[in-house]
Amino acid sequence: MAAVTSSRPYHIIVFGASGFTGQFVVEEVARCAAEGPGGSLKWAVAGRSRQRLEGVLNQAARRLSMPELQTDIEIIVADVSIEESLAVMCQQGLVILNCVGPYRFYGEPVVKACIENGAHCIDICGEPQFLERVQLEYHSKALDRGVYVIGSCGFDSIPADLGILYTKQHFKGTLTAVESFLTITSGPEGGSGHDATWQSAVYGFADSGSLRQLRKRFGHKPLPVVGARVKKRGSVFFSKEIEQYAIPFMGSDPSVVKRTQRFLYEEEQQSPVQYSAYVGVGGLFSVVKLCCGGLFFWLMVKFSLGRKLLTTFPSFFSFGLFSKAGPTMKQIEDTCFSLTFFGEGYSEGKDPSQSRPNDKICTQVIGAEPGYVATVSAMVQAAITLLNELHSLPRRGGVYSPGAAFSKTTLIDRLHNHGIKFSVRSYP
């Protein structure tokens with residue numbers, strides 16, 4: 001169990017608490033305070049503006065009917081561009097919840113400060129370039145300092161990463177391959193995301209070439225393929241599984257899952273699972289709109305002027321899916337997600353090298369609105385799990401994906417109790 005001390009008085013510090021996502025993280029930490037070590041969570045908020053942070057605490061106090069938040073929660077002024085302020089912040093907390101994105105621009109100083117000052121770092125990054133570069137450049141440093149840096153602890157990519165682990169746990173035999181299908185359902189006002197997420201996508205796609213170069217620097221050998229090799233689906237196809245058109249999922253899930261599978265193979269000698277991720281896009285009209293918009297997007301991200309226009313007018317270029325204002329509370333309340341996994345493998349006693357897969361499994365992870373409800377719940381529960389079950393995490397520190405870090409903890413159970421439900425379904 002992690003303990004606070006007079007020199008390090010807080011279990012959790014929410015950095016970027018006045019940002020769009022950060023304000024929801026603040027409320028979730030307040031709701032979960034009784035789940036901290038010894039039944040009490042000591043926490044603080046941090047960011048550039050004391051005035052804005054006071055406003056966030058006042059807002060949380062009103063929404064949660066917790067007036068004590070206005071007086072009992074400490075405010076720490078810290079700025080990613082001021083190294084000394086980050087050091088002072090990190091010296092006061094056991095876990096830093098970093099909500100300041102896009103991470104490719106603002107994430108590294110926080111990781112560096114956490115490692116140098118002995119604070120664990122958890123973020124909700126969905127940017128593979130940043131996540132993999134941090135692992136490459138900071139894993140040994142974090143390991144030497146006994147610090148855990150665990151990225152992608154939001155909707156990107158805890159449901160997918162832990163969903164694979166859950167599917168593997170419930171498969172009686174050797175699970176060899178999984179396909180996941182994401183569907184997001186919204187109410188009459190539709191769904192929406194915040195500008196910061198859109199910016200991450202714009203710059204991530206623009207810089208996709210650097211990810212290939214980065215992966216070469218790892219020098220990894222390909223993971224072995226156990227059993228039959230799964231064929232990738234097309235760029236657009238009709239999915240019988242979810243009864244709508246689908247496309248490959250362009251987020252961080254495949255990258256994160258592969259990192260976890262590599263860790264479990266190399267460190268735990270577990271059989272790796274092949275993984276493909278897809279997302280439902282609806283009917284034929286949605287496909288046409290997506291193809292036209294996607295082609296236009298790809299062309300624009302290649303040029304600095306195009307990127308400038310995309311990030312300046314997110315609502316226009318995303319057909320209203322992203323905006324600088326972010327979703328309304330009504331949109332958030334009316335939105336939910338379902339992530340369904342279809343797995344195949346070999347029943348107990350069957351040799352994967354001698355035959356085709358002979359058994360299947362279907363599992364599902366469901367939850368509320370992914371960006372600002374499921375994400376903040378996953379992030380806070382990851383932090384609480386780290387605090388309460390530090391002994392169950394690998395080695396004594398390092399940079400890890402969520403599945404690698406939390407595979408031997410009760411995080412899935414904690415998520416289940418906080419609205420992110422894992423279940424085994426009948427195979428269609």
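These questions and replies look at the empty spaces in a predicted model.

Me: What makes a space count as a cavity here, and how many of 30 Å³ or more are there?
Reply: On a 1 Å grid over the protein atoms alone, a cavity is a set of points where a 1.4 Å probe fits but cannot get out, and the structure holds one such space of 30 Å³ or more. The largest cavity has a volume of about 50 Å³, a volume being the space filled by probe spheres set on the grid points, which are joined across faces, edges and corners.

Me: Why is Val111 called a lining residue of the largest cavity?
Reply: Lining residues have an atom within 4 Å of a point, and Val111 is listed in the lining together with others, including Asp123, Arg259 and Tyr400, so Val111 has such an atom.

Me: What makes Asp123 one of the charged residues in that lining?
Reply: Asp, Glu, Lys and Arg count as charged, Ala, Val, Leu, Ile, Met, Phe, Trp, Tyr, Cys and Pro as nonpolar, and the others, Gly among them, as polar, so Asp123 belongs to the charged class. By class, this lining has seven nonpolar, one polar and two charged residues.

Me: Which helix gives the most to the lining of the second largest pocket?
Reply: That helix is H16, with five residues; H16 spans 370-388, and a helix is a DSSP run (H or I, at least four residues) numbered from the N terminus. A pocket is an open set with protein on both sides within 12 Å along at least five of seven lines, and this one holds about 290 Å³ of space.

Residues are numbered from 1 along each chain as its sequence is written. In this predicted model, totals for linings use all residues.

How values were computed
This is a predicted model: local features need pLDDT of at least 70, side-chain atom pairs count only at pLDDT 80 or more; totals for chains, interfaces and linings use all residues. Side-chain values use heavy atoms; hydrogens and water are left out. Helices (H or I, at least four residues) and strands (E, at least two) are DSSP runs, numbered from the N terminus.
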